[in-house]
Amino acid sequence: MRFFKLKGKFNWKYIIGEVLLIFVGINLAIWFNNWNTSKKTSNDKNIAIAKIKGEIGNNIKELDTAQKNNQFILNAFTDLQKLSEKGTSKIIATPKQLNTFKKRYPKFFSTTDSTKINNEIFSYNIQTYIVLEIPTLTQIAWETTRSIGISNEFDYECLYDLESTYSLQQRVQNEIDKAADALQKREIKGLLNILNFLDQLNTQLMKNYKDILLTIDDCD
């Protein structure tokens, strides 16, 4: 068996220097990669927050318009009930009361005919016209944020608030669908019950929206 001997002396300083250079180079590469990844994640997070804020801002406008319309319908039927002849589609009123009602709720109803009860009061046959405002409440920005994993960068409290708000938004959307179905079937009593409940949900959702807009920039 032959043994090979290495002749000459090793330049240990040079070898150690090369090892250190390689070590430093690898660590710099890892650090730069981590920094680059962190920077990209931070940038993606900022974009996601901006998109969610824009989405919620649009949802607020949609919900506000729908809520005012729903309240209009509820108020109109409440006031109409005060004038209604029980068990009929008629209202008992003076011409002045009728005109006041028409001005307060324009395009809400029309009179088909009337019967004089006395010199001041008439019985009017009426037909109501309900225009239900259907808001477009989107959650595209939030779903995208979740699908690409950026939501994992949010702190727990912020993530909880967003999840709760979008969950409530879906519940509101479900009630809106029920209201549209009730209107299509002309189930007016059911529609009014849904709108009353929906008004409560809308108020809570609007508050959640506004709270998130105040705190979402701090979702670290």
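How much accessible surface does the chain have, and what share of that surface belongs to carbon and sulfur atoms? The accessible surface comes to about 15,200 Å², and 55% of it belongs to carbon and sulfur atoms. Please keep in mind throughout the tour that this is a predicted model.

**The whole chain**

Begin with the whole chain selected and coloured by secondary structure, where you will find five helices and three strands, following one another along the sequence in the pattern α-β-α-β-β-α-α-α. Of the 220 residues, 32% count as buried. If you consider the contacts in the chain with a separation of 6 or more, 72% of them are made by residues 24 or more positions apart.

**The sheet**

Next, select the three strands, which form an open sheet in the order β1-β3-β2 with antiparallel pairing. The edges are taken by β1, residues 90-93, and β2, residues 109-116; each has a single partner strand, so one side of each is left without a neighbour in the sheet. From one strand to the next the twist averages 30°.

Stay with the sheet and show β1 together with β3, which covers residues 122-128; these two strands run antiparallel and are joined by four bridges. To see one position where they face each other, select K90, which stands opposite N125 in β3.

**The aromatic rings**

Now display the aromatic side chains, among which the structure holds eleven pairs. Select F77 and F108 and look at their two rings: the centres are 5.2 Å apart and the planes stand at 90°, which is over 60 degrees, so this pair counts as edge-to-face. F77 belongs to helix α1, residues 12-83, while F108 sits in the loop between α2, residues 95-104, and β2, so the pair ties together parts that are 31 residues apart in sequence.

Are these two residues buried or exposed? F77 is buried, with a relative accessible area of 14%, and F108 is buried as well, with a relative accessible area of 2%. Widen the selection to F72, F77, F101, Y105, F108 and F109, and you will have a cluster that is linked by ring pairs.

**Leu198 and its contacts**

Move on to helix α5, residues 188-215, and select L198, which lies within this helix. L198 is buried, with a relative accessible area of 2%. Leaving aside residues up to four places away in sequence, L198 touches N70, V172, E175 and I176, so these four side chains are worth displaying along with it. Then add Q173, which is 25 residues from L198 in sequence and 9.5 Å from it in space, C-alpha to C-alpha.

**Two positive phi values**

The last stops concern the backbone, and a general point helps in reading them: most residues other than glycine have a negative phi. Select K107, in the loop between α2 and β2, where phi is near 65°, a positive value in a residue other than glycine. K107 is exposed, with a relative accessible area of 79%.

Finally, go to the loop between α4, residues 156-184, and α5, and select R186, which lies there. Which sign does phi have at R186? The value is positive, at about 60°, although R186 is not a glycine. R186 is partly exposed, with a relative accessible area of 45%.

How values were computed: Residues are numbered from 1 along each chain as its sequence is written. This is a predicted model: local features need pLDDT of at least 70, side-chain atom pairs count only at pLDDT 80 or more; totals for chains, interfaces and linings use all residues. Side-chain values use heavy atoms; hydrogens and water are left out. Buried means under 20% relative accessible area, exposed over 50%, partly exposed in between (1.4 Å probe, protein chains only). Contact means heavy atoms within 4.5 Å. Accessible areas come from the Shrake-Rupley method with a 1.4 Å probe; for residues, only the protein chains shown count as cover. Two strands pair if DSSP finds at least two bridges between them. Axes are lines fitted to C-alpha atoms, for helices over the stretch in contact, and angles run from 0 to 180 degrees between N-to-C directions. Rings of Phe, Tyr and Trp (its six-membered ring) pair if their centres lie within 6.5 Å; planes under 30 degrees apart count as stacked, over 60 as edge-to-face and the rest as tilted.
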